[in-house]
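Good morning. I will take one structure today and go through a few places in it. Please have a look at it before I start.

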Amino acid sequence: MEIIKNYFIVENKRWIIVSLLIAFFLLLPIVILFIKLFSDPGKNFFYLWNTVLIDYTFNTFYLILITSLFTLLFGLFPAWIISNYRFIGRNFYDLVLFLPLAIPSYIMGFTYIDILSFTGPIQSFLRNNFPWLASYFNIDYLQIETLGVLLGLALYPYVYTAARVAFSLLGSNYIDLSKSLGLSTIKSFYKIILPLSRPAIFSGLFLVFMEVLNEYGAVKYFGINTYTTGIFKAWFSLGDIGTAIQLSCLLLLVVFFFFVLEKISSSKTNFFYETNSPVQKLLYVNKDKLFLFHLVCSIPFILGFFIPLIFIVNNVFQTYSSIDFVRLFTLSFNTIFVSSLSSFIIIIVALFFLFIEKISKTKINTIISHLISLGYAIPGAVIGLGLIMLFSNIIDSFFSVSLIGSFYVLIYAYVIRFLAVGKSPIKSSLEKHPESYDDTGKNLGLGPFKLLQKIHLPINKFALISAFILTFIDIMKELPITLILRPFNFDTLATQTYEFAIEEMLPLSSAYSLSIIIIGSMLLLFLKNVINKQLNVS
């Protein structure tokens, strides 16, 4: 027994050293940015400060505010209805309300502007049938408020998913107690359910914040100045890397502010679902409320998925003769290849760090695990800029080989950005299993690697599949990192969609948009099936 214990101590030290080295390389681009911040002051920073920096700040926070309000509106109420009521169509809504995640936010923005434009179907129909009403709809829709609503439609599944699980796991004791106190259903929801579910809801909202800060394609198309577009403008239009770095660091401060806010919110409260608090049974819906429930559940799905999908499919049929199928298949292969390879590497790295944290139980590994998770909170433009600085100034000078514009750097960026996405499902699954599994394996003479191979991989296979799918979808939709770091003459479905849209050739982009949506939808439906096997949520 003492020999096995000593063996694990030696092995743990080796694995900890390896984890430190990997964490160092994952955090190195951000460190480089802050070093360059002081060594290369941007010559145009004060020009931006006097002209558009205040505009960047206001637009960024205003867009976050509008998007957050609509993600809460589209996500919370359907989640409450699905979690607590039984009615015809409930299972259908529970399935399809996830699907807007398959539509990237920039595709959502491009599509709806085409729908609402002067030559779009809505205004054309009104001019032909109700000319007196058409003038009221002939307005400029390229506004920040419109973008906020569209981002809300694209991102509400983050809030819906978090709220759906939180509402389902709330014990019936809370509901029964509120009823005994004379609270109506609406008052119970606002005074009991929402406060108890606040940490879960805010965790979903935090992901929405990060997605808005990372958004580039839609805000660029709408002509809205945010920090992300400012970084691209300073870098490519003004040719001033120093100013781009300064804007990146300011954006990191904004990210850090929201990160601290989320940690404070989640650390103040802990919830434990006791066995003597049974899950709330589903209630049957009165006929008076049935129409309202269908309306609340169908609006996010129809606006967030069905209408964009139908419009894009219609555009595909109209431009069928112009579609370059060879290029479409090539870009689909590129997208699937780079997303699969990156996701596979991310799952390996995430599993490595989480397993080291589990078997070593040292504080330093916990800190490392939290630090490498910060990548998801860092916008893609910032990661891209950090890697350009790293490989152009340091790596290339040592090895005399330029790696910028290679697959290695692109995948490196994806790993930094989406490691937290891959970690989350695996971490949740690992924490469910008791320590007795590890103790039994150690007593049977299993080393750390065999412990992982024989015990943890089989019992966490569904979590690994979930992590792979989520990471794959996020990488497939990623735009800023791919635009900045892609190899020469290498395009993906996302970059081709963006390039057509930015050139006002939206119908031609539809085939590439539809490919993204089909791949994402199939994976999300498969993921929903995997989640149902993992978690018996009513």
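I299 is a residue of helix α14, which covers residues 287–318. This is a predicted model, so everything I say about I299 and the rest is computed from that prediction. Is I299 buried, exposed or something in between? With a relative accessible area of 34%, I299 is partly exposed, because that value falls between the cut-offs of 20% and 50%. Set aside the neighbours within four places in sequence, and I299 is in contact with F74 and G304. There is also L153, which lies 146 residues away from I299 in sequence. In space, the C-alpha atoms of I299 and L153 are 9.8 Å apart.

That leads to the chain in general. It has 24 helices and two strands. Of its 538 residues, 54% are buried. Take the contacts between residues at least 6 apart in sequence: 84% of them join residues at least 24 apart. The accessible surface of the chain is about 25300 Å², and carbon and sulfur atoms account for 69% of that surface.

Now to helix packing. Two packed helices are described by the angle between their axes and the distance between the axes. My first pair is α3, residues 53–84, with α12, residues 227–237. Their axes come within 9 Å and cross at roughly 145 degrees. On the α3 side the contact is made by L53, Y56, T57 and T60, and on the α12 side by Y227, G230 and K233. Sorted by class, the residues of this contact are three nonpolar, three polar and one charged.

My second pair is α5, residues 105–116, with α23, residues 493–502. Here the axes come within 11 Å, and the crossing angle is roughly 30 degrees. That angle is under 35 degrees, so α5 counts as roughly parallel to α23. The crossing of α5 and α23 is left-handed. Which residues meet in this pair? From α5 they are Y106, I107 and F110, and from α23 they are A494, T497, Y498 and A501. The contact of α5 with α23 has six nonpolar residues, one polar residue and no charged ones.

Let me stay with α23. How many of its ten residues are buried? Eight are, so α23 is largely enclosed by the rest of the structure. The buried residues in α23 are L493, A494, T495, Q496, T497, Y498, F500 and A501.

Next, the two ends of that helix. Most residues other than glycine have a negative phi, and most peptide bonds are trans. N489 is not a glycine, yet it has a positive phi of about 65 degrees. This residue, N489, sits in the loop between α22, residues 480–485, and α23. N489 has 71% relative accessibility, so it counts as exposed, the cut-off being over 50%. Just after α23, E504 takes a positive phi of about 60 degrees.

My last residue is N214, in helix α10, residues 185–214. Is N214 buried or exposed? It counts as buried, because its relative accessibility is 5% and the cut-off is under 20%. Leaving out neighbours within four places in sequence, what does N214 touch? It is in contact with T228, P379, G380, A381, R417, E478 and P480.

That is the end of my part. Thank you.

Notes:
Residues numbered from 1 in each chain as written. Predicted model: local features only at pLDDT ≥ 70, side-chain atom pairs only at ≥ 80, totals over all residues. Heavy atoms only, no water. Axes fitted to C-alpha atoms, helices over the stretch in contact; angles between N-to-C directions. Helix = DSSP H or I, 4+ residues; strand = E, 2+ residues; numbered from the N terminus. Contact = heavy atoms within 4.5 Å. Nonpolar A, V, L, I, M, F, W, Y, C, P; charged D, E, K, R; others polar. Buried < 20%, exposed > 50% of the residue type's maximum accessible area, 1.4 Å probe, protein only. Parallel < 35°, antiparallel > 145°, perpendicular 65-115°, else oblique. Left-handed = near helix turned anticlockwise from the far one by under 90°. Areas by Shrake-Rupley, 256 points an atom, 1.4 Å probe, with all protein chains shown as cover.
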